[in-house]
Protein chains: 2
Amino acid sequence: MKAAILTIGNELLSGKTLNTNSQFLSIQLNSLGFEVVKHLTIEDDETNIIKTIGELTDEVDLIVTTGGLGPTYDDITISSIAKSLNCEMIFFENVMKDIKEKFSKYNSKMGQNNISQAYFPKKSIILKNRYGTAAGMFLEHEKVSVVSLPGPPNENTPMFNEFAMPLIQNMGNGKIIIKDIVIFGVGESNVEEILNEEIEIDKEIRIATYIKPRYVVIRLTSKDGSTIEKISKLIVKIFGNKVVGFDDINLEKNVVELLKNKHFKLSLAESCTGGMISSMIVNIPGSSEILERSIVTYSNRAKVDELNVSTQSLEAYGAVSETVAREMVEGLYSKTKSDICVSITGIAGPDGGTKDKPVGLTYIAIKSSKGTVVEKYNFFGDRNTTRHKAALYALNLIRLELIE
Amino acid sequence: MKAAILTIGNELLSGKTLNTNSQFLSIQLNSLGFEVVKHLTIEDDETNIIKTIGELTDEVDLIVTTGGLGPTYDDITISSIAKSLNCEMIFFENVMKDIKEKFSKYNSKMGQNNISQAYFPKKSIILKNRYGTAAGMFLEHEKVSVVSLPGPPNENTPMFNEFAMPLIQNMGNGKIIIKDIVIFGVGESNVEEILNEEIEIDKEIRIATYIKPRYVVIRLTSKDGSTIEKISKLIVKIFGNKVVGFDDINLEKNVVELLKNKHFKLSLAESCTGGMISSMIVNIPGSSEILERSIVTYSNRAKVDELNVSTQSLEAYGAVSETVAREMVEGLYSKTKSDICVSITGIAGPDGGTKDKPVGLTYIAIKSSKGTVVEKYNFFGDRNTTRHKAALYALNLIRLELIE
């Protein structure tokens with residue numbers, strides 16, 4: 001079963017509004033077993049809507065539209081669909097009654113325009129709008145089904161979930177199971193090469209990769225849960241500790257969870273990342289259980305004052321050096337006695353790089369009961385990218401320390 | 001001049017990735033005088049891309065594509081466009097050289113697949129990618145122009161702005177001047193109402209508003225530079241100190257600039273924001289001149305140890321209180337003697353709120369030679385939103401302190 005999502009509205013084409021409806025509906029439709037083959041955004045223009053609906057009826061089994069259900073002159077979605085499919089429009093008394101009740105409940109005056117919102121194709125099933133005046137529509141016509149929802153996400157999301165979903169959920173080819181495996185530290189093309197070499201093609205399962213900034217995600221899609229589990233186990237075995245986890249996991253969630261399980265405290269001394277690592281950790285609810293403190297020692301003076309880094313080392317090796325990274329983490333540990341201490345110092349750019357110490361050079365030190373290790377990296381990208389990579393590699397070092 | 005935006009990728013149709021590219025490109029193209037008539041998202045399928053490009057060439061003057069420029073087997077955008085337009089593909093030596101250099105610089109291994117990234121239609125102008133291996137393309141073919149950009153926003157945004165824009169900006173109806181005025185602390189509908197009341201309609205200039213997360217941007221578009229300057233001055237007068245600045249300014253850039261001009265140092269004591277403010281500041285090149293340090297005192301112990309907050313105050317008023325915010329900033333000042341010291345403490349949620357102290361309650365204290373001020377806020381939203389708002393309001397306090 002193929003589906004297309006048609007979002008209608010000039011505010012989308014002007015860039016004024018971000019289209020989040022297509023993503024929401026795609027997730028829902030895919031999980032119901034539909035293959036979403038197209039997203040399309042067009043303006044509130046009758047000729048255009050009629051033509052587009054006509055084309056889509058030849059390509060897909062289900063069309064979901066959003067937008068253009070309001071009372072103003074450019075809200076013409078329903079009448080245009082009716083014209084395109086050659087359906088008679090009729091006045092729905094109960095829809096009108098509902099609109100009138102909403103206006104009287106909020107003591108506001110109904111406009112003449114609102115009457116147009118009660119006209120739908122004769123065979124429509126009306127979808128109730130709990131959060132606005134615009135009702136939606138489900139229409140089966142010859143070989144195509146159409147669902148029309150209002151544009152505002154706070155109206156269309158509940159309408160879809162509550163009223164549209166039950167009408168379409170048995171149209172698809174059975175329920176599809178999706179599992180994402182999140183990989184860190186291997187490039188997408190490498191991941192694909194490895195998958196192509198190691199996994200046999202099986203028509204019961206679809207294996208695809210995609211990028212979530214700085215992660216590679218391997219998505220398994222199948223109707224068969226046991227095939228998913230079998231292939232998932234195999235992939236985890238192949239990629240070993242490069243696997244961060246499943247579905248919506250990321251490094252910071254994983255690290256907070258691992259620290260909580262061990263009842264460990266974490267402290268950070270950040271220079272080039274400037275508080276990014278601690279901010280990522282603090283964004284995870286419950287992180288207060290595990291984060292002791294983070295000291296952003298951006299100036300040399302702060303490194304000396306806060307972490308007892310020696311001025312000799314700063315002069316002899318520079319702030320971005322293995323020695324200073326090590327002294328930072330030792331100073332942090334003396335001060336906080338946290339179970340895991342991490343320091344990070346690097347050249348974020350765009351200036352400040354030299355031949356010996358190029359932009360992107362970063363040292364990350366980690367200290368635990370197992371001792372102190374300093375790792376050296378060369379990150380590529382703009383200032384924000386190198387800093388983000390540095391933060392993720394630091395989180396990854398913490399993760400590896402905790403699972404090994 | 002009509003334009004269409006074609007975003008290519010299964011990750012968009014599956015709903016895994018939110019399509020932000022279409023919005024970004026729409027804003028840019030509209031401001032250059034193009035009429036964006038269609039957004040279209042399709043899968044990485046050769047037949048489909050060929051057919052779609054063919055249809056769009058009849059409908060628009062400019063097609064902008066994103067996605068499908070990577071090295072893997074489903075990255076087929078360029079070759080499919082070439083087939084659709086019947087253009088010969090050739091190997092671009094300089095593109096290959098650039099890819100090789102990127103791999104060798106970062107000591108990673110180039111895959112065989114990467115070679116495919118150096119093939120483009122013969123007449124292409126190559127668009128450089130500063131942040132990844134996938135080059136982009138600008139192609140004029142008969143009556144249509146095609147711009148192909150990579151999918152990841154951190155690669156396609158700079159590529160569009162730096163390399164594609166200059167090639168297409170004179171395609172529209174004459175050179176267009178754009179000026180953005182960035183407003184903080186007023187809602188979009190308020191801004192619109194004020195503009196409607198205060199500014200007379202003038203057909204020489206287009207005045208539109210859009211949202212950049214947490215800012216409202218007033219975009220002036222005209223062919224006449226003096227009209228832009230006249231209206232811009234008027235708007236600055238109307239909105240006063242709500243105006244952060246122009247074009248790509250934001251609060252952190254503005255604050256770094258203001259501090260540099262005064263040769264001031266800044267120190268921060270962050271609790272709920274967890275390092276977000278310092279990370280935002282550190283993301284601005286040259287911030288090392290002005291940021292002394294930031295101490296993320298997430299635990300009560302850290303507040304006492306690092307900032308000399310009294311345990312009595314923590315017990316009597318709680319960590320999120322005016323008293324503790326004040327003690328934090330005083331402690332920070334004693335320690336650092338920075339010209340501007342700021343502390344922040346709040347309840348980010350989702351748990352931890354009470355009737356007296358709901359989620360979102362935040363205190364921000366600022367200390368300078370003028371004295372100490374503590375401000376109280378109630379921010380609304382999820383954990384990431386309340387923290388981001390808190391960070392921006394703190395930056396705004398610093399800005400107002402420096403300009404008043």
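Domain bounds here come from an automatic or database domain assignment. Keep that in mind as you begin, and remember that this is a predicted model.

**Stop 1: the domains of chain A**

Colour chain A in three pieces: residues 2-168 for domain 1, 177-246 for domain 2 and 251-403 for domain 3. Now look at domain 1 and domain 2 of chain A: their centres, taken over C-alpha atoms, are 37 Å apart.

**Stop 2: a sheet built from both chains**

Next, show the strands of chains A and B. You should find an open sheet of 12 strands with mixed pairing, in the order 6(A)-7(A)-8(A)-3(A)-1(A)-2(A)-2(B)-1(B)-3(B)-8(B)-7(B)-6(B). Which strands stand at the edges? Select residues 125-127 in each chain: strand 6 of chain A and strand 6 of chain B each have a single partner strand, so one side of each is left without a neighbour in the sheet. On average, neighbouring strands of this sheet are turned by 15° against each other, direction ignored.

Zoom in on residues 136-141 and 144-149 of chain A. These are strand 7 and strand 8, running antiparallel and joined by 5 bridges. Pick A:Leu139 and you will find its bridge partner, A:Val146, in strand 8 of chain A.

Now add two helices of chain B that pack on the sheet. Helix 3 (residues 46-59) touches strands 1, 2, 3 and 8 of chain B, and its direction makes about 170° with that of strand 1 of chain B. Helix 6 (residues 153-168) touches strands 3, 6, 7 and 8 of chain B, at about 160° to the direction of strand 8 of chain B.

**Stop 3: two crossing helices**

Return to chain A and select residues 251-262 (helix 9) and 383-403 (helix 14). Their axes come within 9 Å and cross at roughly 35°, and the crossing is left-handed. Show the side chains at the contact, including A:Leu258 and A:Leu259 of helix 9 and A:Leu395 and A:Ile398 of helix 14. By class, this contact has 9 nonpolar, 2 polar and 3 charged residues.

**Stop 4: where the chains meet**

Finally, display both chains together. Here 61 residues of chain B are in contact with 61 residues of chain A. Which element of chain B gives the most to the side that touches chain A? Strand 2 of chain B does, with 7 residues. That side of chain B has 23 nonpolar, 27 polar and 11 charged residues.

For your last selection, take strand 14 of each chain: the two pair in the antiparallel sense over 3 bridges. There, A:Val296 stands opposite B:Ser294.

Notes. Residues numbered from 1 in each chain as written. Chains lettered and ligands numbered in written order. Predicted model: local features only at pLDDT ≥ 70, side-chain atom pairs only at ≥ 80, totals over all residues. Pairing = 2+ DSSP bridges. Helix = DSSP H or I, 4+ residues; strand = E, 2+ residues; numbered from the N terminus. Axes fitted to C-alpha atoms, helices over the stretch in contact; angles between N-to-C directions. Contact = placed C-beta atoms within 7 Å. Left-handed = near helix turned anticlockwise from the far one by under 90°. Nonpolar A, V, L, I, M, F, W, Y, C, P; charged D, E, K, R; others polar.
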